[in-house]
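I set out to record what can be read from the contacts between two chains and from the pairing of charged side chains. The entries follow the order in which I looked things up.

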Amino acid sequence: MRLPRFFSKKRGHRRTGSQVWGSVGEALFHAALVVAGVAFGGLLVTGIAVPEWRINHDFVESRGTVVGRGLARRSTGADGASWQPSIRLRYVVGAETLEAWAFDGPRETDRSRALERLDRTRLGEERICWYDPAKPADVVISRGYNWWMWALTLLLPGALLAFGGAGLFRSLGRWGRSEERQAAAGLRPRDSLADEPTLTHGHPGVPSCDDLVNSPGTILRYRLPIESPESWNLLGLGLFAALWNAVVVLLAVNAGLDLLGGRIDWLLLAVLVPFVVVGVAGVVAFTRSLVLATAVGTTQLEISAHPLRPGGTYEALLAQGGSGAFRELEMSLELEERATFRQGTDTRTERLVVWKSPLGSWQGLQLTPGTRFEARATIHVPATAMHSFASEHNAVNWRIVIRGRPARWPAFTRAFPVVVFPPAAGDPAA
Amino acid sequence: MTNLPDPIRQSPSVTVHFCTADRRYKPLDSIAVRYEVDLSPGQMVRAVERSIVWYTEGKGEEDIGVHFFERLTDRATAQAMSGSFGGRLPASPLSYEGVIVKIRWCVRVRLFFDAGRDFVSEHVFDLGSVPAAAFPLRS
């Protein structure tokens with residue numbers, strides 16, 4: 001018998017793990033989750049659910065006399081303990097009189113509170129009790145269900161069983177099947193970190209342009225949505241600055257309270273100083289990005305038709321708002337390839353512009369508030385152009401890119417994605 | 001000298017004939033494929049899978065799309081030494097020779113042997129005529 005190899009060569013030029021061993025590992029992982037779910041569920045059912053169910057259904061009611069009382073102590077750690085009031089009951093089972101201890105209510109971590117509760121029970125008083133017909137020495141003085149415990153009994157093992165079972169089912173479904181068969185049956189493993197593209201019906205692999213044609217233009221037919229990496233950077237910086245400074249405030253409040261109490265925690269102060277420096281730097285970086293994003297004004301782009309087709313000619317309208325001087329504003333049509341791959345435990349995405357066509361360039365602009373610079377350009381998509389393509393890990397994207405160089409601010413880039421469809425049937429470009 | 005079997009001689013060979021000489025098709029064209037299998041003596045096929053698929057190649061993880069898939073498990077059909085299949089190709093995705101993303105179309109014939117192993121024969125063809133991307137940038 002020949003074991004599968006641990007490493008096999010992938011298409012491309014990288015060496016990756018063996019698919020067979022990967023499937024074995026995945027199946028074992030999910031099987032382990034199922035086993036853990038069964039074991040954990042079994043423990044909870046036999047240890048909690050079944051005893052509680054028997055107390056409420058099988059135990060026989062009786063009346064008992066309190067003949068003793070005390071506190072049951074349970075150690076909860078190195079120095080801690082909990083206390084539970086307990087009473088000794090004398091009760092009759094058939095012709096026999098028995099005596100046994102029963103817990104009276106929940107545990108207390110405070111011994112004095114437990115004693116206080118215990119004092120409410122008088123020796124000689126009568127209490128209703130329930131004993132186990134199979135083992136009459138087991139007696140309780142209260143019944144009912146602990147619903148939190150039942151929810152825990154169902155929830156945790158249920159989640160393990162559902163997640164593990166579904167994964168095991170998928171792994172077994174893929175076992176021994178070729179990648180074509182898996183793909184045809186929709187059983188290919190999904191990458192949870194990769195984007196699932198929305199595709200155009202009737203055009204496999206071509207991304208949908210529904211989100212690009214739902215905004216009408218003021219002069220041309222559609223106003224294209226912007227895909228600006230600056231917006232994401234701004235959002236990321238803002239989140240970072242907010243979260244980091246929240247931690248700084250917590251540390252500073254603790255340090256301040258210590259100082260007010262006459263104590264100085266040097267370790268806390270030593271940690272606080274670099275945290276404050278990073279927090280201030282985060283706020284400065286966010287403020288700078290916010291000023292840059294808003295100072296140069298908005299960029300809008302309208303287009304005469306969408307989606308585009310190879311060989312087609314379209315009209316575009318660029319509108320740049322804001323104030324101040326611009327050294328240059330240029331517009332280009334670009335084709336960008338995007339590949340997402342795993343490197344160790346990281347998921348990385350690489351982008352590369354492989355084709356670029358200048359559409360227009362304007363120098364020495366002077367913008368005034370309340371008005372906007374407008375320019376028209378003609379877009380010609382080459383007859384043999386590749387259409388837009390999107391799959392789970394790979395994409396070929398078309399976009400119109402605006403690059404600006406304001407006189408007083410750093411240069412900026414704003415991209416407007418467009419979708420190029422394959423040539424229509426009968427088109428000579430096909 | 002050892003008398004170990006030569007693994008190359010033990011591999012079957014699959015010859016595929018396309019309906020066009022240059023293996024180049026336009027979107028929505030019909031494709032017809034005929035294949036012939038040459039097995040080594042003693043090899044028994046229990047199933048055959050015939051498919052027309054596209055897959056990505058390059059820097060990213062591989063993605064695959066199945067346009068046509070057929071699995072033959074009837075022993076008589078599976079052991080037939082030749083067969084044909086085909087259909088109408090879709091409008092997309094077109095074959096693409098990018099820099100970090102490539103899209104390939106191919107016909108695959110996969111043989112499953114009684115011993116549990118399988119053998120796949122892949123034959124690439126072009127859908128569309130998109131020129132290869134060039135890098136550094138070409139406008």
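The notes below go from the interface to one residue within it, and then to the salt bridges.

**Entry 1. Model and interface**

I note at the outset that this is a predicted model. I looked first at how chain B meets chain A. I find 45 residues of chain B in contact with 45 residues of chain A. For the extent of the interface I took the buried area, since the size of an interface is often given as the accessible area lost when the parts come together. Chain B and chain A bury about 3,800 Å² between them, and 59% of that area is on carbon and sulfur atoms. On the side of chain B, I list B:K59, B:E61 and B:I100 as the residues that lose the most area to chain A. Together they account for 16% of what that side buries.

**Entry 2. Polar pairs and the side of chain B**

I then turned to polar pairing across the interface. The rule finds 19 residue pairs in polar contact between chain B and chain A, with both residues at pLDDT 80 or more. I next asked which strands of chain B supply at least two residues each to the side that touches chain A. They are β4 (45-58), β5 (64-72) and β8 (101-113). Strand β4(B) gives the most, with eight residues. By residue class, I record 24 nonpolar, eight polar and 13 charged residues on the side of chain B that touches chain A.

**Entry 3. B:T56**

I chose B:T56, which lies in strand β4 of chain B. Is B:T56 buried or exposed? Its relative accessibility is 1%, so I enter B:T56 as buried, the cut-off being under 20%. Its side chain makes a polar contact with the side chain of A:N394, at 3.1 Å. Within chain B, a polar atom of the B:T56 side chain lies 2.8 Å from the backbone nitrogen of B:D63. Leaving aside residues up to four places away in sequence, I find that B:T56 touches A:F389, A:S391 and A:N394 in chain A, and B:E61, B:E62, B:D63 and B:K102 in chain B.

**Entry 4. Salt bridges across the interface**

I moved on to charged pairs, as side chains of opposite charge can pair when their charged atoms come close. How many salt bridges are there between chain B and chain A? I count four. In one salt bridge, A:E179 pairs with B:R108, and the closest N and O atoms are 2.8 Å apart. I also find A:E179 and B:R108 in a network of salt bridges that links them with A:E180, B:R110, B:D118 and B:E122.

**Entry 5. Salt bridges elsewhere**

I searched the whole structure and obtained 34 salt bridges over all chains. In chain A, A:D58 forms a salt bridge with A:R54, with closest N and O atoms 3.4 Å apart. I enter A:D58 as partly exposed at 37% relative accessible area, and A:R54 as partly exposed at 27%. A:R348 and A:D346 also meet in a salt bridge, at 3.6 Å from N to O. A:R348 is partly exposed at 39% relative accessibility, and A:D346 is partly exposed at 37%.

In chain B, I return to B:K102, one of the residues that B:T56 touches. B:K102 forms a salt bridge with B:E97, the closest N and O atoms being 3.6 Å apart. Here I record B:K102 as buried at 16% relative accessibility, whereas B:E97 is partly exposed at 32%.

Conventions:
Residues are numbered from 1 along each chain as its sequence is written. Chains are lettered from A and ligands numbered from 1 in the order in which they are written. This is a predicted model: local features need pLDDT of at least 70, side-chain atom pairs count only at pLDDT 80 or more; totals for chains, interfaces and linings use all residues. Side-chain values use heavy atoms; hydrogens and water are left out. Contact means heavy atoms within 4.5 Å. Buried area is the accessible area (1.4 Å probe) that two parts lose on being put together, summed over both. A salt bridge is a side-chain nitrogen of Lys or Arg within 4 Å of a carboxyl oxygen of Asp or Glu. A polar contact is a pair of N or O atoms within 3.5 Å; within protein, one must be able to donate a hydrogen and the other to accept it, and residues adjacent in sequence count only if both atoms are side-chain atoms. Helices (H or I, at least four residues) and strands (E, at least two) are DSSP runs, numbered from the N terminus. Ala, Val, Leu, Ile, Met, Phe, Trp, Tyr, Cys and Pro count as nonpolar, Asp, Glu, Lys and Arg as charged, and the others, Gly among them, as polar. Buried means under 20% relative accessible area, exposed over 50%, partly exposed in between (1.4 Å probe, protein chains only).
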